[in-house]
Amino acid sequence: SLAGEMYANFGRFGGLVSVFILGLLLGLLYRVFVRWSRESVLWWAWAPYVMLYTMQAESGLAEGLNHVTKSSIVMFAAIATIPAWSQLRRWRRRTAPALTDVPAT
């Protein structure tokens, strides 16, 4: 497992610190999906695809990083090229709807 790999490479204290840092980085990646999903809930369709491999106990650090990197590239390529995902092409986050978004009555 990942915790065992960190323990074997860095010892008891180094294993604890490195697993904490890895958890922090995965939490930051999850936070990105949380922020983007405030704009569109379709981002939750991509979160398991990108992050699923990181939760498996049998994988190592290199395999997890490799999968997250490759799946992120595929995700952005699909969003950029497939017309059905065009709603996700807005990369900025809006805090409140603008007055021009309200239909006139």
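# A walk around three helices

Start by selecting Phe76, which sits in helix H3. Helices here are DSSP runs of H or I with at least four residues, strands are E runs of at least two, and numbering goes from the N terminus. Phe76 is partly exposed, at 34% relative accessible area. On that scale, buried means under 20% relative accessible area, exposed means over 50%, and partly exposed lies in between, using a 1.4 Å probe and protein chains only. Now add Leu88 to the selection: Phe76 and Leu88 are 12 residues apart in sequence, with 9.6 Å between their C-alpha atoms.

A quick word on what you have loaded: this is a predicted model, where local features need pLDDT of at least 70 and side-chain atom pairs count only at pLDDT 80 or more, while totals for chains, interfaces and linings use all residues. Residues are numbered from 1 along each chain as its sequence is written, and side-chain values use heavy atoms, with hydrogens and water left out.

**Zoom out**

Switch to cartoon. You'll find three helices and zero strands, running α-α-α from the N terminus on. Colour by accessibility next: 24% of the 105 residues count as buried. If you like contact maps (contact means heavy atoms within 4.5 Å), take the contacts between residues at least 6 apart in sequence; 47% of those join residues at least 24 apart.

**Select H3 (61–81)**

H3 has 21 residues and reaches 30 Å from its first C-alpha to its last, close to the 30 Å expected at 1.5 Å a residue. That expected span is 1.5 Å times one less than the number of residues. Which residues of H3 are buried? Pick Gly64, Val68, Ser71, Ser72, Met75, Ala78 and Ile79. They sit on the same side of H3 because they cover an arc of only 135° around the axis, where the arc is that of the directions from the helix axis to the C-beta atoms.

Spin the helix to see the face turned away from that buried side: the exposed residues there are Ala62, Leu65, Lys70, Ile73 and Thr81. Then bring back the neighbours, since H1 and helix H2 (43–51) are among what covers the buried residues of H3.

**Select H2**

In H2, the buried residues are Trp43, Trp46, Ala47, Val50 and Met51. Look down the axis of H2: these residues fall within an arc of 115°, so they line one face of the helix. Their cover includes H1 and H3.

**Step into the loop**

Go to Ser40, in the loop between H1 and H2. Is Ser40 buried or exposed? Ser40 counts as buried because its relative accessibility is 4%. Setting aside neighbours within four places in sequence, Ser40 is in contact with Gln87 and Leu88. You met Leu88 earlier, beside Phe76 in the selection.

**Open the largest pocket**

Turn on a pocket surface. A pocket, on a 1 Å grid over the protein atoms alone, is an open set of points where a 1.4 Å probe fits, with protein on both sides within 12 Å along at least five of seven lines; a set the probe cannot get out of is a cavity, and lining residues have an atom within 4 Å of a point. How much space lies in the largest pocket? About 260 Å³, with grid points joined across faces, edges and corners and the volume being the space filled by probe spheres set on the points.

The lining has 17 residues, and those nearest the centre are Leu22, Leu26, Thr54, Gly64 and Leu65. Helix H1 (2–39) and helix H3 (61–81) are the elements that give two or more residues to this lining, and H1 gives the most, with five. Colour the lining by class and you get 11 nonpolar, six polar and no charged residues. In that scheme, Ala, Val, Leu, Ile, Met, Phe, Trp, Tyr, Cys and Pro are nonpolar, Asp, Glu, Lys and Arg are charged, and the others, Gly among them, are polar.

**Two stops at the pocket**

Pick Leu22, in helix H1. Leu22 counts as buried at 17% relative accessibility. Beyond neighbours within four places in sequence, Leu22 is in contact with Leu2 and Leu61. Leu22 and Leu2 are 20 residues apart in sequence and 9.7 Å apart, C-alpha to C-alpha.

Finish on Gly64, in helix H3, which is buried with a relative accessible area of 9%. Outside its neighbours within four places in sequence, Gly64 is in contact with Tyr53 and Thr54. Draw one last distance, Gly64 to Met51: 13 residues apart in sequence, and 8.7 Å from C-alpha to C-alpha.
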